[in-house]
There are 2 protein chains.
Amino acid sequence: MAMVSIKDVAAHAGVSPGTVSNVLNRPAKVATATRERVEAAIRELGFVRHGSASTLRAGHSRTIGLSVIDIGNPFFTEVAAGVEDVASELGYAVILGNSAGSPGKEERNLGVLAEQRVRGVLITPSGEDPARLDRLRERGISVVLVDHPAHRPDQCAVAVDDVAGGRAAVAHLLARGGHASGHSVAYVTGPLTIRQCAERRRGAAEALAAAGLDPGSLRVAEAAAMTARAGEKAAADLMADGLPEAVFCANDLLALGVLRALLRAGVRVPDDVALMGYDDIDFAAASAVSLSSMRQPTYQLGRIATELLLDECDNPDEHAHQHIMFQPELVERESTQ
Amino acid sequence: MAMVSIKDVAAHAGVSPGTVSNVLNRPAKVATATRERVEAAIRELGFVRHGSASTLRAGHSRTIGLSVIDIGNPFFTEVAAGVEDVASELGYAVILGNSAGSPGKEERNLGVLAEQRVRGVLITPSGEDPARLDRLRERGISVVLVDHPAHRPDQCAVAVDDVAGGRAAVAHLLARGGHASGHSVAYVTGPLTIRQCAERRRGAAEALAAAGLDPGSLRVAEAAAMTARAGEKAAADLMADGLPEAVFCANDLLALGVLRALLRAGVRVPDDVALMGYDDIDFAAASAVSLSSMRQPTYQLGRIATELLLDECDNPDEHAHQHIMFQPELVERESTQ
DNA sequence: ACCCCTCTTCAAAACGTTTTAATGCGTCGC
DNA sequence: GCGACGCATTAAAACGTTTTGAAGAGGGGT
């Protein structure tokens, strides 16, 4: 409990507190002999810099915020791993916020981040309200969007082309043949207020159109959440209305749930119904019927977003805002063979 | 960028900064009329309390640290979800640290947490070195162990009985019958320096002994990590030395990897080899052959640990340290039928 | 000898909040 | 009408660091 401060270190090393601060922050500015004396004192006394005091005086912290929609989803977990790795390499701490899809909780989390005076925020926004993020920017907190295109030009964003992904997925399903109408293709999705869900749907409709089918005929089953449980429920609803020939799910969690429900009902996959997921999480390959999916560079998403954010924070002058858009990649497995 | 401080609010409301602080921290102490005036000023000016200044002066922050071994493992993800929920309910921010099994990285992360003067730390230690944690305690940072028994009496810990889990798992495998010797049972594990791995092994050996077999005959395959990929590799090694009749894996990720490797090699599960995982992650039920596993109250682990930690922080006097030990539960699925 | 540099170090102010002890102002009991 | 008391508010100090401008020491060139 004996809080040892920079002053104690200074006294112990026979220098002024300012010099200790220099040793800590710009070691080059201080003579080798003194520096070593100070470093020894720091070690002997077990001094740990008080981050809050530093933040208060310096005007900025060494923490960033990460706000995701669902920490239980392996997609976000991998993003978080990328973020954590880069942040930790550069000596930043990561404050985690889980919005659980609720704009209210997201708002509260952003409030906490603002209080903590984080250096910047990485966020996969759960709604489409740029105003809140602009308010952060006005406070001098940089914002980088993750898995979401930029709201404005003077902002970094790292995203994946979801329309293209939806298009490729449904095109792949249609390529198996035998689809007389769009009605034979179902789209199981999370809340369509989530951008990713809406865009993948748009891509799906485009694929139908490209195949000469009515894009409006896509059967859409909107689940309340993007979890396996919600997927099971959606599949039950779907089966009640008559089986489609192919199902495209907005993510792998939904797809795993759908798969479980179908198999339990005695439906054969892919023979009776072909199935596509999205995200290519690790478990997609290990499921009962291995799952075809759209792969995204998830870990990289987190890494690059963090690198952009910290570059923006540390070199505000030379920093060039970037809008990065990756293309997803089709991974073909048993569920569509 | 216009930082509005408590002084600005005070001026705008025609009171002193001290009163504003009181409105923020003990609203009961201030007359209703003034309080409302101040609250209006706060709203109009968009004031956000400077967390660092507050921490500096008050001597403690409203953040806690969470240090886990592998954020990519759904087990820890669920723990993290429980932690985040409770912390967020009580207005605390969570700083996430991923040790990736490396004591060095864990050490660095703890350093960051110490600098941030977190109120407390939730940790699943990756090694067995209580000294580092004691050093935190000396600094006035409470520590609660998660999924790990207490190092000392005056400390909270929330754990699950891993010896019992290992025992139950292997007993279940043996109950299928046909085991002439312990050699027919393999244990695929992560690094045995990880306590969970070592204890589950002990439980496994105990089960062999209880069945009248030589506990030393358990075939142990130690993988470098507790991931599906590492599991695949371990399975390959295992097959090279002759197939066992039953495989017990230290977690579901390893088990999924083993399962994938076995199936690819044409081995039938459970007919040729029975397989048990551990953790009962969501995906265990959805795998190619649904996986028998040991279920742990994961989300609850996170919730309770956080509640204990925050109770210890907020009521240091009345707080009673607790050592909570849950019992895992066998979940039987296809892989052992 | 003198001046002018460079290289180190220092003293002191500032960051935004919390907290303590003190102040002012009514009100109550007598 | 007087002193005492309670309540609401305030002024000012303190938390531990960073930063700035200035001071001091030593050296080289004239």
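# Notebook: V289(A), DNA contacts and helix packing

I began with V289(A), which I note as partly exposed because 19 other C-beta atoms lie within 10 Å, whereas 20 or more would be needed for a residue to be buried. This is a predicted model, and I read every entry below with that in mind. I then looked up where V289(A) sits, and found it in the loop between β9 (274-276) and β10 (293-295) of chain A. Leaving aside neighbours within four places in sequence, I listed L259(A), V269(A), E334(A) and S335(A) as the residues in contact with V289(A). I also checked V289(A) against A33(A), 256 residues apart along the chain, and found their C-alpha atoms separated by 67 Å.

**Entry: the peptide bonds before P270**

V269(A), which I had just listed as a contact of V289(A), is joined to P270(A) by a cis peptide bond with omega of about 10°. I placed P270(A) in the loop between α11 and β9 of chain A. In chain B I looked up the bond from V269(B) to P270(B), and it is cis, with omega near 5°. P270(B) lies in the loop between α11 (252-264) and β9 (274-276) of chain B.

**Entry: positive phi outside glycine**

I noted A100(A) for its phi near 50°, a positive value in a residue other than glycine. The residue belongs to the loop between β2 and α6 of chain A, and I count A100(A) as buried because it has 20 C-beta neighbours inside 10 Å. In chain B, I noted that D280(B) also has a phi near 50°, positive although the residue is not glycine. D280(B) lies in the loop between β9 and β10 (293-295) of chain B, and I recorded D280(B) as buried, with 24 other C-beta atoms within 10 Å.

**Entry: the two DNA strands**

Turning to DNA strand D, I found 28 residues surrounding the strand, the closest being S5(A), I6(A), G18(A), G18(B) and T34(B). The elements that give two or more residues to this surface are α1 (6-13), α2 (17-25) and α4 (51-58) from chain A, together with α2 (17-25) and α4 (51-58) from chain B. Which element gives the most to the surface near DNA strand D? I found that α2(A) does, with 6 residues. By class I recorded 12 nonpolar, 11 polar and 5 charged residues near DNA strand D.

For DNA strand C I again looked up the surroundings, and 28 residues surround the strand, with G18(A), T34(A), S5(B), I6(B) and G18(B) the closest. Here the elements giving two or more residues are α2 and α4 of chain A, together with α1 (6-13), α2 and α4 of chain B. The element that gives the most to the surface near DNA strand C is α2(B), with 6 residues. The surface near DNA strand C has 12 nonpolar, 11 polar and 5 charged residues.

**Entry: packing around α2(A)**

Having met α2(A) at DNA strand D, I looked at how α2(A) packs against other helices of chain A. The axes of α1(A) and α2(A) come within 8 Å and cross at roughly 105°, and the two helices are therefore roughly perpendicular to each other. I6(A), K7(A), V9(A) and A10(A) in α1(A) meet P17(A), T19(A), V20(A) and S21(A) in α2(A), and these residues divide into 5 nonpolar, 2 polar and 1 charged.

With helix α3 (residues 32-45) of chain A, the axis of α2(A) comes within 10 Å and crosses at roughly 90°, which makes α2(A) roughly perpendicular to α3(A). In this contact T19(A), V20(A) and V23(A) in α2(A) meet T34(A), R35(A), V38(A) and E39(A) in α3(A), giving 3 nonpolar, 2 polar and 2 charged residues.

**Entry: α5(A) with α12(A)**

I next took helix α5 (residues 74-89) and helix α12 (residues 298-314), both of chain A, whose axes come within 7 Å and cross at roughly 40°. That angle makes α5(A) oblique to α12(A), and the crossing is right-handed. The residues of this contact divide into 10 nonpolar, 5 polar and 4 charged.

**Entry: chain A against chain B**

Finally I looked up the contact between the chains, where 42 residues of chain A are in contact with 42 residues of chain B. On the side of chain A, the elements giving two or more residues are α4, α5, β2 (93-98), α6 (103-115) and α11 (252-264). By class, I recorded 19 nonpolar, 13 polar and 10 charged residues on that side of chain A.

How values were computed:
Residues are numbered from 1 along each chain as its sequence is written. Chains are lettered from A and ligands numbered from 1 in the order in which they are written. This is a predicted model: local features need pLDDT of at least 70, side-chain atom pairs count only at pLDDT 80 or more; totals for chains, interfaces and linings use all residues. A residue is near a molecule or strand if its C-beta atom, placed from the backbone, lies within 6 Å of it. Helices (H or I, at least four residues) and strands (E, at least two) are DSSP runs, numbered from the N terminus. Ala, Val, Leu, Ile, Met, Phe, Trp, Tyr, Cys and Pro count as nonpolar, Asp, Glu, Lys and Arg as charged, and the others, Gly among them, as polar. A residue is buried if 20 or more other C-beta atoms lie within 10 Å of its own, exposed if 12 or fewer, and partly exposed in between; C-beta atoms are placed from the backbone. Two residues are in contact if their C-beta atoms, placed from the backbone, lie within 7 Å. Axes are lines fitted to C-alpha atoms, for helices over the stretch in contact, and angles run from 0 to 180 degrees between N-to-C directions. Angles under 35 degrees count as roughly parallel, over 145 as roughly antiparallel, 65 to 115 as roughly perpendicular and the rest as oblique. A crossing is left-handed if the near helix is turned anticlockwise from the far one by less than a right angle, and right-handed if clockwise.
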